[in-house]
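The exercises below concern strand order and pairing. Work each one from the coordinates before reading its solution.

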Amino acid sequence: MNRSHKIWTAWLVVLAITAMAVTHVAMAAAPDALPPGTDAIAPAPAGDAGSAQSTEPATDAQAPVAAPDTRALDEDIQSIKKDVVDLNRDLFVLEEELLFPANTQVAVFLSMDVGEFFALDTVELRLDDKQVTKYLYTPREAEALLKGGVQRLYLGNLRVGNHELVALFTGKGPNGQDYSRGAQLRFEKAVGAKYLELKISDRQRKRQPEFQIKDWE
Amino acid sequence: MAWTASAADAAYRLLGKPAPDFALRATSGKNFRLSEYRGDVVAVTFWGSRCGTCGAQLSALSRMVDTYQSAGLTALAVNVDDDQAAAASFAVAHPVSFPVLLDPAKTVARQYRVDNLPMLLLIDRGGAIRYVYRNHRSGSDAQYLEQIRVLLDE
């Protein structure tokens, strides 16, 4: 079974479960909910530019009082929603495992420490002299990194062998001037996932920022 | 003319779909990312300094943002000029109350399939593109306002 086949199968499973959930909710809501001869959803009015909201149920003066078991129905809906969220998470993990198998996976993370001498603006990553990502940081994202956040900047695949990673950092330097620095790492990719970390820290003695690439063995 | 999410016309393929995320530098020097406004109604307009009606649309949007900002309306104006200096001077001549972003490489404009200037997109609180306007005429302001109010009420 190839990768795309697996993904399609997973999507079909999700669709089937969603359809079952919708049917279940509809069946639970249907009995005695509407008087005979009344459609559950009124047909949308034609030719109305604002009819994006026209799928709302029609307000009917003869609408019946809500069924007494609405609480049970609400619990059912919440349970189904949770199932869908769980399935979506599983699907995401499955998709990631299929697209980036552990044998060829390479992930690059970014972390910052202190940040007194450097305000991050962009990071450009080049793997084997090919740009793989260029990320522009908003003040909020830079602040999150300074608070200890670690960002997964890149996730991709690499074949076994020797490779080179170059990271180019731009931002504001110690005195608020434009500042640009690079860091380079040659590494060997073996069978199994490879994790690399770009680390920006302050070098207090020189009052300069320091840029390192760390190989998580 | 406004294309709505309910229209059968598939002329604008991103309608009803999640707005592609982007990050751009503003004329102020700060960077802005669209996804940071999730939960707000966002008006994204693509404009150029040589476009005749862009200034009028920016002014109209600025007034609306001033009025409805507290209700959750924000706007981002994406300039697609090659010449960033021209964009900056235009922005100075037409001051607005929201960020003016620069997209000289037109990366974001391509993502959004911009084919006319000005082009305005209204994005709902969930991040989906709900309305698209490919032109600005007299009376367009009232249309924007009507649709913005619908999105703010959701």
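**Exercise 1.** In the predicted model, in what order do the 4 strands of the mixed sheet of chain A stand? Find also which strands are at its edges.

Solution.
- Step 1. The order is β4-β1-β7-β8 in chain A, and the sheet is open with mixed pairing.
- Step 2. The edges are held by β4 (150–157) and β8 (208–216) of chain A. Each has a single partner strand, so one side of each lacks a neighbour in the sheet.
- Step 3. From one strand to the next, the twist averages 20°.

**Exercise 2.** Determine how strand β7 of chain A is joined to β8(A).

Solution.
- Step 1. Strand β7 of chain A covers residues 194–203.
- Step 2. Its link to β8(A) consists of 9 bridges, and the two strands run antiparallel.
- Step 3. As one residue pair to check, D202(A) has P209(A) in β8(A) as its bridge partner.

**Exercise 3.** Give the strand order of the antiparallel sheet of chain A, and name its edge strands.

Solution.
- Step 1. This open sheet has 4 strands in the order β3-β2-β5-β6 (chain A), with antiparallel pairing.
- Step 2. β3 (130–136) and β6 (178–189) of chain A are the edge strands, each pairing on one side only.
- Step 3. The twist averages 15° from one strand to the next.

**Exercise 4.** How many bridges pair strand β2 of chain A with β3(A)? Find the residue of β3(A) that stands opposite L125(A).

Solution.
- Step 1. Strand β2 of chain A spans residues 119–127 and pairs with β3(A) over 6 bridges, in the antiparallel sense.
- Step 2. Opposite L125(A) stands T133(A) in β3(A).

Technical notes
Residues are numbered from 1 along each chain as its sequence is written. Chains are lettered from A and ligands numbered from 1 in the order in which they are written. This is a predicted model: local features need pLDDT of at least 70, side-chain atom pairs count only at pLDDT 80 or more; totals for chains, interfaces and linings use all residues. Side-chain values use heavy atoms; hydrogens and water are left out. Two strands pair if DSSP finds at least two bridges between them. Axes are lines fitted to C-alpha atoms, for helices over the stretch in contact, and angles run from 0 to 180 degrees between N-to-C directions.
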